[in-house]
Amino acid sequence: MNSNDITHTLSTYVTTQILKQPKRILKGDEPLISSGLIDSFHLVDLGLFIEDKFGVRIEDSELNADTFDTLDQLVVLIQSRQ
Amino acid sequence: MIVSVFAMLPTAAPIASHRFAALLHVVHVAAALLSSVRHAALFVTSVLAVYLLQPATPIAHLDFWLPSASLLLVVVVWCATQPLRLEAMRETLVTAGLIAGLVLGIGALGITTQLCCVVTRMPPPNILVVAAAVAGGVLTCILVVIVFAGHPARTTWLVFALIALLVAVKLNWPISGADAPQAETASPAPPPTFATIQWLGFSYIAFRLIHALRERALGKLPVMSLREFMTYVVFFPAIIAGPIDRVERFLKDLRAPFIFNMSDLVEGGRRLLIGVFKKFVIADALAIIALNDALAVQTQPGLWAWVLLYAYAFRIFFDFSGYTDMAIGLGRLFGIKLPENFNRPYLKPNLTQFWNSWHMTLAQWFRTYYFNPLTRALRMRNIAPPLIIFVTQTTTMLLIGLWHGLTWNFALWGVWHALGLFMHSRWSEFARARFGAQDASKLQWVTHLGGVVLTFHFVAFGWVWFALSNVETSLTFFRRLFGMP
């Protein structure tokens with residue numbers, strides 16, 4: 001899976017499952033955690049989705065804006081562990 | 001690095017390049033020496049600070065035993081979490097000897113009347129008792145190495161032991177007159193009073209130790225020396241009020257070559273001065289009119305009650321964030337970039353963002369070791385998400401409240417925020433499904449401002465539980481806020 005596919009998969013999950021706004025378009029550099037768009041509960045859900053979909057583990061200590069805050073940063077993190 | 005610099009030099013200047021290499025070598029040696037001196041200075045200062053900053057206690061010699069117990073706990077956790085490395089044995093023995101020497105040295109100050117209270121508030125206990133305690137500490141550490149070597153799962157025992165100790169420290173204990181040092185007078189002992197044990201920085205020390213133990217159990221704890229671990233746990237700028245750094249991040253700075261540079265000096269000095277101003281000028285001035293038990297019952301219903309509340313809200317922010325600024329500034333002067341703890345919390349438009357910007361390192365600690373694992377575990381079962389959010393947020397906030405002290409008011413403060421977070425989460429879910437982000441763009445600044453005002457007042461009302469010592473006084477003050485006697 002290339003970075004565009006990963007971005008698309010993540011973006012679709014966030015807009016439909018977390019934000020419940022399927023028509024919304026997320027920019028790659030849009031802050032997700034520091035802006036409050038994704039709260040702590042949905043952050044764990046996102047971590048579980050990534051584990052399930054990409055086979056990549058994101059530790060509990062990494063579920064924060066310091067590790068990743070945007071879709072672009074999350075894609076880099078996933079690719080670095082695949 | 002030297003080789004790459006050589007490659008850039010013109011070949012027609014061999015003598016100059018030779019001198020340049022020699023100069024670089026001197027710089028390297030000086031930097032290594034400076035780093036070594038810096039680390040040694042941080043280690044010794046931090047260990048001494050554990051004693052120097054410990055407040056006086058009503059029980060004799062406790063102001064010596066509590067800091068000593070802090071050091072023993074750090075060594076015990078290090079022994080339980082680090083692999084046995086024969087190549088590092090010499091360094092470990094030197095560090096352990098230095099710690100034991102410092103404890104014995106402070107204990108020995110009790111022999112002289114002039115120097116007995118240079119480090120501790122009260123004269124230390126008898127030096128023979130201190131020597132016996134140090135020997136007991138050494139035996140404990142040997143036992144820990146035997147029991148824990150190669151068994152990372154056993155570190156969970158120590159996590160529970162530390163939690164039990166934390167609970168015990170935060171309980172109200174009866175202190176009889178017989179325990180007090182002045183009990184040697186002929187007057188009869190006064191009736192027992194109740195108080196918590198004032199153990200300097202133990203809440204933060206315990207959380208750093210639990211962090212190390214959990215990371216060891218997960219196989220993520222880096223290998224480090226006893227000196228590095230001790231410096232991390234009792235790092236003197238952060239021992240009183242945090243922040244709670246992560247050990248691998250702290251080690252990165254501690255191990256980096258230390259070179260004085262102007263930007264660190266200027267930024268560190270700037271943060272230190274800002275912290276001093278916030279804490280000792282703004283917060284201490286606001287303290288005069290900030291809400292407390294006495295003012296809460298004396299004040300008349302109406303405007304003055306609101307002044308007390310606002311003064312407390314800003315006082316606690318400037319006091320706590322001032323301490324953090326001082327810690328970050330001091331750390332920066334020594335080349336350690338401690339994590340931020342506050343990010344304009346009173347300007348956030350909702351409670352979720354408030355908790356992403358208030359005491360950030362404590363909130364992140366609870367998310368990492370409690371909220372996230374619990375949410376993960378409950379998500380694996382067929383439980384409705386709103387119920388999971390309610391359970392995880394309520395218990396997390398309740399624990400954060402009780403971390404400040406085991407009282408009904410701290411518990412209510414935690415539950416107050418848990419309910420606020422739950423209501424905000426439900427509202428977000430409802431609003432997102434009905435109003436798109438773009439739909440609200442015209443009114444965005446109005447809703448943002450309204451959110452800031454609403455969030456600030458929700459937090460401020462929460463401080464009533466936090467600032468006052470009992471439920472009855474808190475309810476009385478709430479009535480006075482709204483004009484009732």
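This report describes selected features of chains A and B in a predicted model.

## Chain A as a whole

Chain A contains three helices and zero strands. Read from the N terminus, the order of its elements is α-α-α.

The C-alpha trace of chain A spans about 30 × 25 × 20 Å along its principal axes. The radius of gyration of chain A is 11 Å, which agrees with the value near 12 Å for a compact globule with 82 residues. Of these 82 residues, 35% count as buried. When contacts between residues at least 6 apart in sequence are taken, 60% of those in chain A join residues at least 24 apart.

## A bent helix in chain B

Helix α14 of chain B covers residues 360-379, 20 residues in total. A straight helix would reach 28 Å at 1.5 Å a residue, but the end C-alpha atoms of α14(B) are only 25 Å apart. A kink of about 50° is found in α14(B), and its centre is B:Arg367.

B:Arg367 is also one of the buried residues of this helix. Others in that list include B:Met360 and B:Thr361 at the start of the numbering, followed by B:Ala363, B:Gln364, B:Trp365 and B:Phe366. B:Thr368, B:Phe371, B:Asn372 and B:Thr375 are buried as well. The cover over the buried residues of α14(B) involves both chains: it includes α2 (40-54) of chain A. From chain B it includes α7 (202-217), α13 (351-355) and α15 (385-404).

## Two crossing helices

In chain B, helix α12 (residues 303-333) and helix α18 (residues 471-481) have axes that come within 8 Å. These axes cross at roughly 120°. An angle of 65 to 115 degrees would count as roughly perpendicular and one over 145 as roughly antiparallel, so α12(B) and α18(B) are oblique to each other.

The residues that meet are B:Ala305, B:Trp306 and B:Leu309 on the α12(B) side. On the α18(B) side they are B:Phe477, B:Arg480 and B:Leu481.

## The segment after α18

B:Gly483 lies in the segment that follows α18 of chain B. B:Gly483 is exposed, because 11 other C-beta atoms lie within 10 Å and a residue with 12 or fewer counts as exposed.

B:Gly483 and B:Gly302 are 181 residues apart in sequence, yet their C-alpha atoms are 4.8 Å apart in space. With neighbours within four places in sequence left aside, B:Gly483 is in contact with B:Pro301 and B:Gly302.

## Backbone exceptions in loops

Most residues other than glycine have a negative phi, and most peptide bonds are trans. Three places in loops of chain B depart from this pattern, as described below.

The peptide bond from B:Gly242 to B:Pro243 is cis, and its omega is near 5°. B:Pro243 sits in the loop between α8 (226-233) and α9 (247-255) of chain B.

Two histidines have a positive phi: B:His61, with a value near 70°, and B:His359, with a value near 40°. The loop between α2 (14-52) and α3 (62-81) of chain B holds B:His61, whereas B:His359 is in the loop between α13 and α14 of chain B. A residue counts as buried if 20 or more other C-beta atoms lie within 10 Å of its own. B:His61 is therefore buried, with 20 such atoms, and B:His359 is buried with 21.

Methods. Residues numbered from 1 in each chain as written. Chains lettered and ligands numbered in written order. Predicted model: local features only at pLDDT ≥ 70, side-chain atom pairs only at ≥ 80, totals over all residues. Helix = DSSP H or I, 4+ residues; strand = E, 2+ residues; numbered from the N terminus. Expected span 1.5 Å × (residues − 1). Bend = angle between axes of the 7 residues up to and from the residue. Contact = placed C-beta atoms within 7 Å. Rg over C-alpha atoms; globule rule 2.2 N^0.38 Å. Axes fitted to C-alpha atoms, helices over the stretch in contact; angles between N-to-C directions. Parallel < 35°, antiparallel > 145°, perpendicular 65-115°, else oblique.
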